[in-house]
Each structure stands twice: as structure tokens, then as C-alpha cells.
Amino acid sequence: MPKSFASEKATAEVERLAIDTDRNSGASADLTFGAQGGIANHGGAVDFALGGDVMTAGNGAIGLVVQSISSGGGDARFNGVESADVRFGGTDGAIGNGGMLDIAVEGSVITQGNGAHGIVMQSIGGGGGAVFGEIATASVTLSDDKQGNGGSINASVGGDVATLGDGAIGLVAQSLGGGGGFVDGHFAGSAGGLGDGGDVDIVIGGSLYAEGLSATAMLVSSSGRNGGALTASIGGDLLMLGEASSGFHFESLASDGAAGDIGVSLAGSAEMAGDLSTAIALASRGSVSSGDIAVDIGGNVVMHGDHSVGLDLASVADGESGSISLDVAGMIFANGMDSVGMRLESSALDARGDISATILGGVRGGAGNGVGIALIGGNDNVVTVASTLSAVSGVAMTGTDGNDRLINDGITVGNIYLGGGNNEVVNSADASFVTIDTLDLADGDGSGTFRNQGELFLGRASSSYPVDLLAGETREIGAIEDSDNIFFGTGVISQVALDGDFIQEAGGTVYYDVAFGPYASDRIDATGNAFVAGELVVTLNWLEDAEPVILVSTGGSGTDNGLVIADTIALDYQMIASDAGIALGYASDFGQSFLSTNAGGGLTQDLGNLRLSLAATLGWQQLDMVRRQSIFMTGIGTAQMRTDYRQVTAGVGYETMLAGVSIRPQLDVSAMRLGFGSFDEAGLEGLGVESDNSARWYVSAAPKLELGKRVTDRMSLFASGGAYFVDSDAISGNFRLQGMDDAAAFAPIATPIDATSLLLEAGLRWQGTERLSFQLDYRGQIGSLVEDHSVNAAFGWHF
């Protein structure tokens, strides 16, 4: 085990002590780290460079220990001690500063054993040290009757840092003012005397890896009356496999002054496999002020375990706290029980710093008490999510009393609780927001606004096909049971409690499932005002009465700034804005002109297996005609042409069953009068066409054989074949040119038709409920002149 220790004029109780107590498990130890009195007991500077790797094997086999401790100290190692009493810090006014440490390892640092730390670096002013090994219980006493500053620490590792045992720490760096130290598994910090912690800078060219339980990749601290700045740059990834593990644990602590800034850059991704783990925990805590915290991650942060936190960043002070800045190029994923994607805090009794976070990938929080993003305090806080934001629990984001602003540039799903302050959620253009039931944006005296510039979905969309709610059918298309699905926890009907205002801008679209009648519709209940523009898209689930449906209820008023909704064939929707909010009404018109151009009726009589039918229909149609011609002159002729028909059809059929198959021969005979009204073309002068009134009867017969088979109680298949005979081979009308003499006769112009053709039909029928039916069929008519093939689908809804 390489060790470096530097001290000038120090009288220490412990410099280096190793005790093996495997054979006496009840053993205890009493240790004091620090000098009694003395002035200028400074630790010296250490400049250490290693050209290769550091590798150890065995429990407690530490790679490097580098210390510069003033006013007494050192390290002690135990194996199997039951208890230890440890005192850190000099007494009787001992004075001395820790020296600067400059450590460089070109290769990698790898240890294989429980408690086998990779590199331990300490610069302590005022006495202290380190206790390593397995200690069941430890009592740590701190002496503050001394003074001294911790020196700066600069360390670089060109390769990877890997520990393979339980409780192993890849890298420990402590710059402590006023004494202090480290006790394995029990304590790490200042003794509380006078003195400042120094700056610490760590550079790792490779990756950090640990596979043991309760392991830590990097433990870095600067503590004293003032805390120093902490920076780290990691060129690779962070991967930890054990439970209760910590990736980066950084602290800058100031007992009576200012804590330092913290900056961490991770080029790759962080992945933690165990429960109770935290990938990145950074804290700057000061009595007067705390520092700014900035984190830049080039990859993802993935937490696989329960009760875990992806990022925990906190700047906390009695006076003024610093800002939090986070940039993540990938995703933050923490979907375990009670897990949090990221927790960002800036708290102070006086002024607080701003919190800003930009996540280019998705953010996913956990189940139970889990949350995607948690903001604590802060001043003017902005979180921008470019991909997705959600949580298994349904709580996408929380805040406390800062002015919080969430900018959704991707897809956000779930509830938002932002607490006090002046808060806003912006659903940007081209973004989507899917609600569950709560948008709590304005607690207390604060204000809140939900601003929709993109697509707002109140829950998931219901089926676009008719649903028999009266019969107990649901609007659910398919339940989402996979907790990894970001829409897990959402329902079709979403009634949202919005604490604040609702604003939809001109580019926004909101989607509602609406039922006119006793059944629930999507709804927003806003405590403030509602201002709506843009577009409203409605899926109509039920139409029982004409009572308006509340879309947005308000505690203030509703204002329609031009919300557009597309009418249906028979419903003209109406927006109703009032002090009660925004409601949707309609005016119905089931008497459309194109529906009234045909009329008819019929009778059917069953006589045993014999069915007789008689039907009569009539109708008319008016056509706008445009004809281009280029004989003698080029021009366009226009006219309105009216046609009408009257038809009587008689049918006889006989149905029998054979081996479960319905066999039905059928004969239909019809007579139809087809008439053409007179018209005069305009725009072609004498070359225009005119027609007089003409009409004639056509008689036809259609024998066919239909086969049917019931597949289930609701579904049946059918097929038929037959022939069609008509008494004419052409349909004709009387026409002449407008330039001809009035005595000139009209000439018949005929369109040939097939006098004989083959009829084919096949399909299925489905009767879903008493009201709902569906039919899909193929129909073909094949003749010598014309072939017609069609596939038809029809839904029926019976009112």
C-alpha cells in the first residue's frame, strides 16, 4: 500500500497505526488525532506522480493514501474492531495549515476487496486523519480548540477508477480547515475549529466503476469556516452495481462563512443498479452564503432500484444561496418505488439563486412517492424538457415556493404540483401534454398559469366508434398495464383541478371527450380565469340532451378569443363563454337537404319460410353541369339539370336451413320511371345544347341465391350469386343544338347499358348491441359493357 505523509514540526498522537483484531472480536480502540498546542505546525506540500496503474487485492487494501496534516495526525487501520473512540483535532490552540496536494496517476486505479479504497487524499489544517477498517460502532469527538486551513487538492487519473468490494470508495478527497478527518463507514468532515477548506479539482480520464454494496465512486469535501470550490471532470461513464451506493458525493461546507461553488462534468452516462442509491449528490451549505452548482452530463442517468435519486443538487444557506444549473444531453430514468429523477434545491433565509435545468432526453420518476422533477426553493426557476416528462406515480413535477416555470417541448404526462410563487406551465408549439387530474400551480398568495401553445390531451382519447354507455360499455380503448409506458396511470376521462388560469393561444389545440347527458366528460376546473383561442377537437361519446357541457369552469370568468371547432353533419357546435367559464353547446339539424332527396317505404310479410316484400321509392337530384367544347369555337357551357325517378319493387324469397347453413332463393322484380328535366346550356351560343322533358319506364328482374352462416351469437357470414335482367340496353334522353330551328326534332342520345349481367355479393354482419351494428361486404356486377366492383363498410347506430 503506497502511502505519502507530510508534516512539519507536528507532534501527533497518531501518525500510522495498524491493528489486526480478527482473533479478538470484542476489542476496542481509543485514538486521538491532533497535537497539544504548537504554532506553525504546517503540513508540507505533496507532489506525487505515478506513471503506471494502482492495483490491490484483499479486504482493506487501499491503493494510495496521501496526507498533508498540520498539528498532528495520520491514519489508523483496524480489522474487526468492535468499537472505537476517535478524537479529531488539536488542542490548546494548536495552529497549522495543511499543504497542497498534487497527485497524478497516468494509468488506472483498481482495488479488489471490501473497504479497499482507491485513492485517499487529505489536506487538514489543525490536526486530524483517517481511520480505516471494519468498525462495528464508533464514537467521534471533535476538538475545536485549534486553527488551520486545508490546502488545495489537485488529482488526475488517466484511466479508470474501479472498486470491486463492499464499502469501497474509488476516490476520497478532503480539504478540511479547523481539523477533522475520516472514519470508515461513520464520519467524514471538519472538527469545527478555525480555518477554511481549500479548493479540490479532480480529473478522471476514464470511467468510474463499483460493484460492491454501500460503495461510493467519489467522496469529495471541502469544509471549514469557509468551504472551497469543488470541480470534477469525468471522461467516461459511471457504473455502480451494488445497493446503497453513491456515485458522486460532493460537499462544500461553511460553518461561519461562504461555501464554495461545485461543478461536475460527466462526458458519458451514469447507471446505478441497486436500491437506495444516488448517482450524483452535490451540496454547498454555508452559514453566510452557499455556492453555485453546475452539472453537465453528456449521456443518460439511469436508476434501476427502488428508493433512489438520479441527481440531488442542493445549495443551502442561512443568508444567500447559490444557483443550480443542470444540462443533460440524455434521459433521466428512475422508475423504482419512491424514486426521484432529479431533486434541485436553492434554499436560504435571505436571497435565493435561480434553478435552471435543460433535459434533452426524457425524465421518468418512480412509483409510490416517486416524482420526475422536484424543485425546492429557488428564485426564478426554469425547467425545459425536450423529450418526455412523467412518473409511474403520476406526479411529473413538484415545486415549493419559488417562481417555477416548466417549458414542455416534448411530451409531458401527469400531475404538476408547483406550490407557492408565480408559476407557469408552457406546453410549447409542437409539444403534447396529457393530463391526469391535478395541475396545482398557485398555492397561497401565488399565481399560476397553464399556457397551451401545442396539443393538450385531457387524458387519453376514447374510441371514435359509438360506445353504448347505457349498457355499461366503457370508453377505454385498451388499459395500459406496463409501468414503463409513459401513459401508465392515465384514463380516458380526465377532470382536472387547475389551481390558476387556463390560456390556450391561437396555435394551440385541446382534445375533449364529450357526453351530452348524464355521463362524464373531460373537464378543467380552474380557480382563475380561462382565455381560449386555437382549436377544439371533440370526440362525441353520447348525445342525449341539449344541455351545454362545461369544458372549463372558472373561479373568475371565461373568454372566447376565437376558439374554433369543426361541426358535424348534423350538429353545429357553439362555444359559450361566461363568468362560469367555457361551455360547449350545439344546434342540431338532422334535416339536411341531401338527406331529403330520396324517400320511400315498404312492407314485408313472412308466411312461414316464405317472405314477401313490396317497396316504393322516389327521389330527385339537381346537377350543375360544365361542358367544354372546341368545334367551330372554343368555349364552356354551363347548365343545371334535374333528374327524378320513381320505383316499385316486389320480392319473394324462401329460406331453409341445411347443415347449419341458411339457403335463401330470392326473386326481385322492379319497375322504374327515370325522367330528365329540360335545360338550356349557357355560354356556347348556338352550339349550346338544350333538352326537353323526357321519361320512360325500365323493367328489371334479379333472381339470386343467398347462403348464410352464423359464426357467433353476434356475427354471421353471407354470400350470394345471381343475375340481373333489364328490358332495355340503353338509357336515353332527347337533345338538340340551340342554333337549330324551333321546328327541328330533338334527337335521342343513348348511353348503352348491359341488358344482362352477373351479380355477386359476400360479406359479414355484426350486431354489437341493440343499437350498434356493422356490416362489411363486397359487391360486384359483371356485364359485357361494364364491370363494377366495390367494398363497403357500414356502421349503424340506432337512436
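Q: In β66, which residue is the bridge partner of S670?
A: Let's start with the strands of this predicted model. Strand β63 covers residues 661-676 and strand β66 covers residues 694-710, and the two pair in the antiparallel sense over 15 bridges. Within β66, the bridge partner of S670 is S700.

Q: Which residue in β67 stands opposite K709?
A: β66 also pairs with strand β67 (residues 715-726), again in the antiparallel sense, over 9 bridges. These two strands, β66 and β67, form a hairpin with 4 residues between them. Opposite K709, in β67, stands L717.

Q: Which strands are the edge strands of the open sheet that contains β64, β65, β68 and β69?
A: Happily, the order is easy to follow: 4 strands form this open sheet as β64-β65-β68-β69, with antiparallel pairing. An edge strand here pairs on one side only, and that applies to β64 (679-680) and β69 (747-752).

Q: Which residue in β65 stands opposite D680?
A: β64 and strand β65 (residues 689-691) run antiparallel and are joined by 2 bridges. In β65, the residue opposite D680 is E690.

Q: Is A526 buried or exposed?
A: A526 has its place in strand β51, residues 523-526. Leaving aside neighbours within four places in sequence, A526 is in contact with L498, G500, V552, S553, T554 and G555. Its relative accessibility is 6%, and because buried means under 20%, A526 counts as buried.

Q: What distance separates the C-alpha atoms of A526 and A682?
A: Along the chain, A526 and A682 are 156 residues apart. In space, their C-alpha atoms are separated by 61 Å.

How values were computed:
Residues numbered from 1 in each chain as written. Predicted model: local features only at pLDDT ≥ 70, side-chain atom pairs only at ≥ 80, totals over all residues. Heavy atoms only, no water. Buried < 20%, exposed > 50% of the residue type's maximum accessible area, 1.4 Å probe, protein only. Contact = heavy atoms within 4.5 Å. Pairing = 2+ DSSP bridges.
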